[in-house]
Every structure is written in structure tokens, then in C-alpha cells.
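Where does a protein model leave empty space, and what surrounds that space? Please look at the sequence and structure shown here with this in mind.

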Amino acid sequence: MLNIALFGPPGAGKGTQAELLVKEYGLFHISTGGILRKEIENKSSLGLTAKKTMEEGGLVSDETIVKIIEETIMNNPDATGYLFDGFPRTYIQSYILEGIMTRFHKKLYGLINLEISDDVSVSRLVKRGQTSGRADDNEVTIRKRLKEYYDKTLPVMEFFKKVGNYFPVNGEDTVENIHHKIKVIIDSIQNENEFNIN
Ligand code: ADP
């Protein structure tokens, strides 16, 4: 079992790398942003609650996120590993993830941080906004998402640094090079845990 989290500011390339990792390792992809957008599309009550916050570039409540994560894990108990994308995003969510892992007799093996500058974040997302159709991919909202990132999400990094399973990667490299670097990290994590996989 290999459970990994992809971390980084908006536009860091988490979705792109997640797709490659899913193919490479057969992981089950849990993108909280993706799940929330589907809920909005389906006009579920959860989606309706989250819609305004997301359009304004804020963070959805920890309660809502926990519900999503627990349900997804419970509905997919046979996954060979989970790839968390966009979660944990607050210090509290980091604690919650540890709790969920323990409860399901699992472990998070690493938090991989795709590091990019604010300028790269804004320019990538403004460009993506021209085709993504995402209501939050416009410059004003992107700046708010970045502020949320610094205020509420960055402490997640400190949490996992302390735990000792934090791995930074330069997110401004090419997609292929980043994928390769992540693979090296994951393979070394797997080797280290060879005799202790759960
Ligand atoms: P990005 O990483 O590019 O900002 P995401 O698709 O991961 O895009 O997230 C889009 C939005 O969904 C966020 O701005 C936030 O409103 C909401 N969201 C996603 N994941 C979380 C989370 N773990 N906690 C709170 N809000 C979240």
C-alpha cells in the first residue's frame, strides 16, 4: 500500500503529476477540488454549499472535506494506494488525515511539495483560465487563492516536516523531469518501507 499526498500552491501541477502517477503506480486519485467541482455540477447540497466559497477563492470547511475523504476511502477500500491531491490543505486537515490513516490501518508515506513562485502560479492559471472554464481561474481569484495558501495551507508543510515524510520538488521544471524526480522519491520510500507495507 502506497499512500502519497501532492502539495503545492494553486497551479503547481498537482493534477498533471497525479495523472502520471496514477498510470505509473496504479494509485487511486483523490482530488478534493475535482470531487467538489463534480458536486457543484450535480447540484448536490454539498456542491451548493461549496460553490460560493470556491468561486471566491476561499477554502471549503474542514468538515466538508473530511466527509468527502472518508466517503471516498470507504467506497474504495480495495485501492492499492491513495494519491491525495489538494488535501490536506489546513493544519487541522493534516491531523485529520493522520487520524483517518490510523483508523483505516494505513499510513501516509510522503507529502510531495511542488514548489513554484507566485508569478508562475498566476501566469499558469491565467493561461489555464482561457480554456478551463473554471470560475476561479481569473487573476483576482487566483491572488485570493494564493493568499489562502500562504495563510492557511503553508502550515501543512511544517506539520509533515516535523513528522519526517516531507519531500520538496522544484515545480518549475518540465513535466517529465518533475515526474522523474517524484518517481525517485516514491521508489526510495517504497524501498525503505519494503518490510513494513500496509
Ligand atoms: P488549485 O490547487 O488549483 O487551487 P483545486 O482543484 O485543488 O485547485 O481546488 C479548487 C478549490 O477547491 C480551492 O480553491 C478550494 O476552494 C476548494 N478545495 C479543494 N480542496 C480543498 C481542501 N482540502 N480544503 C478546503 N478547500 C478545498
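The report below describes two pockets and their linings.

## Basis of the report

This is a predicted model, in which local features need pLDDT of at least 70 and side-chain atom pairs count only at pLDDT 80 or more, while totals for chains, interfaces and linings use all residues. Residues are numbered from 1 along each chain as its sequence is written, and side-chain values use heavy atoms, with hydrogens and water left out.

## The largest pocket

The largest pocket (on a 1 Å grid over the protein atoms alone, an open set of points where a 1.4 Å probe fits, with protein on both sides within 12 Å along at least five of seven lines) has a volume, taken as the space filled by probe spheres set on the points, of about 970 Å³. Its lining, meaning residues with an atom within 4 Å of a point, comprises 47 residues, of which Lys14, Asp85, Arg89, Arg128 and Arg134 lie nearest the centre.

Among the elements that give two or more residues to this lining are strand E1 (4-7), helix H1 (14-25) and helix H7 (139-163), where helices (H or I, at least four residues) and strands (E, at least two) are DSSP runs. The largest share, seven residues, comes from H1. By class, the lining of the largest pocket holds 18 nonpolar, 17 polar and 12 charged residues, with Asp, Glu, Lys and Arg counted as charged, Ala, Val, Leu, Ile, Met, Phe, Trp, Tyr, Cys and Pro as nonpolar, and the others, Gly among them, as polar.

## The second largest pocket

The second largest pocket holds about 240 Å³ of space, and of the 13 residues that line it, Arg37, Ile40, Met54, Arg134 and Ala135 are closest to its centre. H2 and helix H3 (45-55) each give two or more residues to this lining, with H2 giving the most, five residues. Seven charged residues stand beside three nonpolar and three polar ones in the lining of the second largest pocket.
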